[in-house]
Amino acid sequence: MLVFATNNEHKLREVRQMLPAGVDVRSLNDIGLHDDIPETALTLEGNAELKARYVSERFGGCDVFADDTGLEVEALGGAPGVFSARYAGPGHDSKANMEKLLSELQGADNRRARFRTVIALIRNGELQTVEGIVNGTIALAPRGTDGFGYDPIFIPDETPGRSFAEMTPDEKNAISHRGRAMQALKRIL
Ligand code: IMP
C-alpha cells in the first residue's frame, strides 16, 4: 500500500492513471484520515515533507507521498510560489489569485514563470524528494475554460499561444509540472 496524502479526487485519478497498475494507491479518505494537515513551511519541499511525515507518523510508518505545487514568477522574485493557493487571501479563490497576479505584472516586460511540483516520498522510513518543472509565460489575460487554478493565464513554452486551460487533461499531463514530477516518482518507485 502506498498512501497519497491528498483528498483531491482529480489528483488521485491522475496519479492512479500514471502509476503502474500494481501500485495500490490509497487516498487520505481511503485510510480514514480527515485531519487538516498543516502546511506551514516556507518552501514547497518543506510542505511536501511535512505532509508526508504527518501521515506516516500516524499510520505506523506507512509508505506515503505528498506533493506541493507553486507558480514561480521571475519578475516577482519567485512569488506567489509556496503561497500560490492563498495569493489573494485565505479563500483559495482562483479568479482573485489570477487577477492579483495580472495586476502585479501590469506593464512588466518580463512575464517568465514556471510551475514547480515537489513530491516527498517516505518509503521504509526514508525520505526522498523529486520535482517536476514546466517553464512558460504569464498571458496578458485569461484564455480557455478547462483546468483549475492559474491554468488560464499560464502558457507553457511547449505550446506557444495556448494556455493550460485550452488543453485536454492528457495534453496538459504530458508536459505539466505534476506530470513530470509523477514521472520522476515512477522512476524511483
Ligand atoms: P497544490 O499544492 O497542488 O494544492 O497547489 C497549490 C496551488 O497552486 C493551487 O491552489 C493552485 O492555485 C496552483 N496550482 C497547482 N497546480 C496547478 C495547475 O496544474 N494549474 C494551475 N494552478 C495550479
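These questions and answers cover the ligand site and one run of paired strands.

This is a predicted model, where local features need pLDDT of at least 70, side-chain atom pairs count only at pLDDT 80 or more, and totals for chains, interfaces and linings use all residues. Residues are numbered from 1 along each chain as its sequence is written, and side-chain values use heavy atoms, without hydrogens or water.

Reader: Which residues come nearest to the ligand?
Author: A residue is near if one of its heavy atoms lies within 4 Å. The ligand has 13 residues around it. By class, five are charged, four polar and four nonpolar. Those that come nearest are Lys11, Thr69, Asp151, Lys172 and Arg178.

Reader: How far is a polar side-chain atom of Asp151 from a nitrogen atom of the ligand?
Author: A polar contact is a pair of N or O atoms within 3.5 Å. His177 has a side-chain N or O atom 3.0 Å from a ligand oxygen. For Arg178, a polar side-chain atom lies 2.9 Å from an oxygen atom of the ligand. For Asp151 and the ligand nitrogen, the distance is 2.6 Å.

Reader: What share of the ligand's exposed area does the protein bury?
Author: Accessible areas come from the Shrake-Rupley method with a 1.4 Å probe. Taken alone, the ligand exposes 470 Å². The protein buries 86%.

Reader: Which residue of E6 stands opposite Ile119?
Author: Strands pair if DSSP finds at least two bridges between them. Strand E5 (residues 112-123) and strand E6 (residues 126-138) are antiparallel, with twelve bridges. Opposite Ile119 stands Val130.

Reader: Which residue of E7 stands opposite Thr137?
Author: E6 also pairs with strand E7 (residues 154-156), antiparallel over three bridges. Facing Thr137 is Ile155.

Definitions and conventions
A polar contact is a pair of N or O atoms within 3.5 Å; within protein, one must be able to donate a hydrogen and the other to accept it, and residues adjacent in sequence count only if both atoms are side-chain atoms. Ala, Val, Leu, Ile, Met, Phe, Trp, Tyr, Cys and Pro count as nonpolar, Asp, Glu, Lys and Arg as charged, and the others, Gly among them, as polar. Helices (H or I, at least four residues) and strands (E, at least two) are DSSP runs, numbered from the N terminus.
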